[in-house]
Amino acid sequence: PAAQMCAEVRASAELLAPELAALNLEQVSALSLAGGEFTARARTMPVFGPRRVLIVRDAQRGKADLVAEVLAYLARPNPDTVVVFVDEEEDPQALRRRGPSKIVEALARHRGAVRECRSPTGTALERWIQERAGRAGKRLAPEAVQALLEVAGGTLAILDQESEKLTLFAGERGAIEREDVLAVVGDARVTGVRELTEALRR
């Protein structure tokens with residue numbers, strides 16, 4: 001799904017100092033890029049820091065003129081900008097059936113690194129939740145992890161959003177219990193998808 005980023009994409013964003021992320025991290029849809037706009041954004045210099053990160057979503061919907069623009073940019077890229085193209089499908093099988101987008105094919109031929117991002121499931125997803133909590137100095141009880149998955153579902157972006165709420169709710173406490181999840185997390189699978197979709201389209 002559009003809101004789920006694999007480790008390489010998250011690592012690109014984490015190259016930025018937290019206090020500069022608002023200035024130097026930009027997300028845009030390939031559908032919204034008019035002629036020359038991609039190049040202008042990619043060549044924008046970072047503000048008060050060594051680099052920018054530009055994430056271009058909907059790469060599979062990029063038009064032919066955008067593909068040509070990306071190819072021209074790759075001949076002389078901006079060393080201060082990390083550009084990440086996200087080629088996405090709700091159904092991973094559909095992505096495999098249609099193959100990579102023209103932009104991803106171009107990146108594969110010109111110094112770009114191509115990675116397949118898969119959402120974790122089962123114990124790997126539970127570990128992701130604990131690691132996410134650990135970065136905030138928290139740990140979820142096993143019952144809390146199960147409750148979170150039952151209420152919020154398995155979408156990483158929604159789990160990330162609800163985990164942030166739990167962190168704030170717990171305050172100084174290091175442990176998050178099942179009761180915390182039930183008190184804080186609502187019908188996240190419905191409201192979260194709507195909110196995240198609207199945020200990504202802004």
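In this predicted model, K165 is partly exposed, because its relative accessible area of 38% falls between the cut-offs of 20% and 50%. The partner of K165 is E162, with which it forms a salt bridge whose closest N and O atoms are 3.2 Å apart. Both K165 and E162 belong to helix α9, which covers residues 156-170, and they are three residues apart in it, about one turn of the helix. Is E162 buried or exposed? With a relative accessible area of 1%, E162 is buried, so this salt bridge joins a partly exposed lysine to a buried glutamate.

## Salt bridges

Side chains of opposite charge can pair when their charged atoms come close. How many salt bridges does the count come to? The count for this model comes to seven salt bridges, and the table sets out three of them, with the distance from N to O and the relative accessibility of each partner.

| Salt bridge | N to O distance | First partner | Second partner |
|---|---|---|---|
| K165 and E162 | 3.2 Å | K165, 38% | E162, 1% |
| R41 and E37 | 2.6 Å | R41, 22% | E37, 24% |
| R173 and D180 | 3.1 Å | R173, 38% | D180, 9% |

The side chains of R173 and D180 meet in a salt bridge at 3.1 Å, taken from N to O. R173 counts as partly exposed because its relative accessibility is 38%, whereas D180, at 9%, counts as buried. Elsewhere, salt bridges that share partners join E26, E37, R41 and R52 into one network.

Two members of that network, R41 and E37, meet in a salt bridge of 2.6 Å from N to O. Both of these residues lie in helix α3, four residues apart, which is about one turn of the helix. R41 has a relative accessibility of 22% and therefore counts as partly exposed, and E37, at 24%, also counts as partly exposed.

## The sheet

Strands of a sheet pair through backbone hydrogen bonds, either parallel or antiparallel. In which order do the three strands of the open sheet stand? Their order is β1-β2-β3, and the pairing is parallel. Strands β1 (25-29) and β3 (81-85) stand at the edges, and each has a single partner strand, so one side of each is left without a neighbour in the sheet. From one strand to the next, the twist averages 15 degrees.

The pairing can be followed strand by strand. Between β1 and β2 there are five bridges in the parallel sense, and in one of the pairs V28 has V56 of β2 as its bridge partner. To get from β1 to β2 the chain crosses through α3, and this β-α-β crossover is right-handed. Helix α3 is also the helix that holds R41 and E37, so the salt bridge between these two side chains belongs to the helix of this crossover.

Strand β2, made of residues 52-57, runs parallel to β3 and is joined to it by five bridges. Among the pairs across these two strands, I55 stands opposite V84 in β3, and L54 stands opposite V83 in β3. Here the chain passes from β2 through helix α4, residues 64-75, to β3, and this β-α-β crossover is right-handed as well. In a regular strand the side chains alternate between the two faces of the sheet.

## Loops on either side of β2

The loop between α3 (37-42) and β2 contains V47, and F48 is found in the loop between α3 and β2 too. Which residues form a nonpolar patch on the surface? L23, V47 and F48 form this patch, and together they have about 320 Å² of accessible area. V47 has a relative accessibility of 31% and so counts as partly exposed, whereas F48, at 74%, counts as exposed because its value is over 50%.

F48 also has a backbone feature to note, for its phi is positive, at about 55 degrees, although F48 is not a glycine. D58 likewise has a positive phi, near 60 degrees, and is a residue other than glycine. Where does D58 lie? D58 lies in the loop between β2 and α4, and at 4% relative accessibility it counts as buried, because this value is under 20%.

How values were computed
Residues are numbered from 1 along each chain as its sequence is written. This is a predicted model: local features need pLDDT of at least 70, side-chain atom pairs count only at pLDDT 80 or more; totals for chains, interfaces and linings use all residues. Side-chain values use heavy atoms; hydrogens and water are left out. Two strands pair if DSSP finds at least two bridges between them. Axes are lines fitted to C-alpha atoms, for helices over the stretch in contact, and angles run from 0 to 180 degrees between N-to-C directions. A crossover is right-handed if, with the strands pointing away from the viewer, the path from the first strand over the helix to the second runs clockwise. Patches are made of residues with over 30% relative accessible area and no salt bridge: like charges are joined within 9 Å, nonpolar side chains (Val, Leu, Ile, Met, Phe, Trp, Tyr) within 5 Å. Accessible areas come from the Shrake-Rupley method with a 1.4 Å probe; for residues, only the protein chains shown count as cover. A salt bridge is a side-chain nitrogen of Lys or Arg within 4 Å of a carboxyl oxygen of Asp or Glu. Buried means under 20% relative accessible area, exposed over 50%, partly exposed in between (1.4 Å probe, protein chains only).
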